[in-house]
Amino acid sequence: QVQLVESGGGSVQAGGSLKLSCAASGLTFSSYVMGWFRQTPGKEREFVASIYWSGRPTLYTDSVKGRFTISRDNARNTVTLQMDNLKLEDTAVYYCAARLAIARSFGSWGQGTQVTVSS
């Protein structure tokens, strides 16, 4: 059973930084594409970033390019999202997600961690 546990959320002022981490268990980590998604009330969950088993390629939604960096440590079964120059609109619940490389969609999800950016 795949388990994903996020940590590192919190409150920060605009322009600040946060680092989210996701610890994965119950899977062959190196076989999975890992991703981050986010959701705000009343909106659909949206893709933020993803990373393949080898560390490349990495994909980002346009709004976070140049500010967020996704990385993974296959030895420790962790994936991180470094978020810099945070903006008010980055406020959301952030979810870690996993999918097999051959799968079309992400099928495993964490419980989410709140990120709040204030002015």
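This is a walk through one structure, stop by stop, with something to select at each.

Keep in mind that the model is predicted: local features need pLDDT of at least 70 and side-chain atom pairs count only at pLDDT 80 or more, while totals for chains, interfaces and linings use all residues. Residues are numbered from 1 along each chain as its sequence is written, and side-chain values use heavy atoms, with hydrogens and water left out.

**Stop 1: the disulfide**

Select Cys22 and Cys96. They form a disulfide with sulfur atoms 2.1 Å apart (the cut-off is a pair of cysteine sulfur atoms within 2.5 Å), and the structure holds one such bond. Cys22 lies in strand E3 (residues 18-25) and Cys96 in strand E9 (residues 92-100), so the link ties together parts that are 74 residues apart in sequence. Strand names here follow DSSP runs, numbered from the N terminus: E for strands of at least two residues, H or I for helices of at least four. Look down the S-S bond: its torsion is about -80°, so the disulfide is left-handed. Buried or exposed, what is Cys22? Cys22 is buried, with a relative accessible area of 0%, and Cys96 is buried too, at 0%. The scale: buried is under 20% relative accessible area, exposed is over 50%, and partly exposed is in between, using a 1.4 Å probe and protein chains only.

**Stop 2: strand E4 and its neighbours**

Now select residues 32-39, which make up strand E4. Seven of the eight residues of E4 are buried, so the strand is largely enclosed by the rest of the structure. E4 runs antiparallel to E9, with eight bridges joining them (strands pair if DSSP finds at least two bridges between them). E4 also pairs in the antiparallel sense with strand E5 (residues 46-51), over five bridges. Met34 is a handy marker: Met34 stands opposite Ala98 in E9, and the bridge partner of Met34 in E5 is Ile51. Follow E4 into E5 and you go round a hairpin with six residues between the strands, where Gly42 in the turn has a positive phi of about 85°.

**Stop 3: the aromatic cluster**

Select Phe37, Phe47, Phe106 and Trp109, which ring pairs link into a cluster. The whole structure has four aromatic pairs. Rings of Phe, Tyr and Trp (its six-membered ring) pair if their centres lie within 6.5 Å; planes under 30 degrees apart are stacked, over 60 edge-to-face, and the rest tilted. Phe37 and Trp109 have ring centres 4.8 Å apart and planes at 65°, so this pair is edge-to-face. The two rings come from distant parts of the chain, Phe37 in E4 and Trp109 in strand E10 (residues 108-109), 72 residues apart. Phe37 is buried at 11% relative accessibility, whereas Trp109 is partly exposed at 34%. Phe106 and Trp109 make a tilted pair, 6.5 Å centre to centre with 55° between the planes; Phe106 is buried at 15%.

Which charged end sits over the ring of Trp109? Add Arg45 to the selection: its charged end is 4.6 Å from the ring centre. For that label, NZ of Lys or CZ of Arg must be within 6 Å of the ring centre and within 35 degrees of the ring normal. Then jump to Arg72, whose charged end sits over the ring of Phe29, 4.4 Å from its centre.

**Stop 4: Thr80**

Thr80 is in strand E8 (residues 78-83) and is buried at 15% relative accessibility. Its side chain makes a polar contact with the side chain of Ser71 at 2.6 Å. Leaving out residues up to four places away in sequence, Thr80 touches residues including Lys19, Trp36 and Ile70 (contact means heavy atoms within 4.5 Å).

**Stop 5: backbone oddities**

Most residues other than glycine have a negative phi, and most peptide bonds are trans. Select Arg56 and Pro57: the peptide bond joining them is cis, with omega about 0°. Pro57 is in the loop between E5 and strand E6 (58-60). Asn77, although not a glycine, has a positive phi of about 55°, and Asn77 lies in the loop between strand E7 (68-73) and E8. Asn85 also has a positive phi, near 50°; look for Asn85 in the loop between E8 and E9, partly exposed at 43%.

Conventions. Polar contact = N/O pair within 3.5 Å; in protein donor to acceptor, adjacent residues only side chain to side chain.
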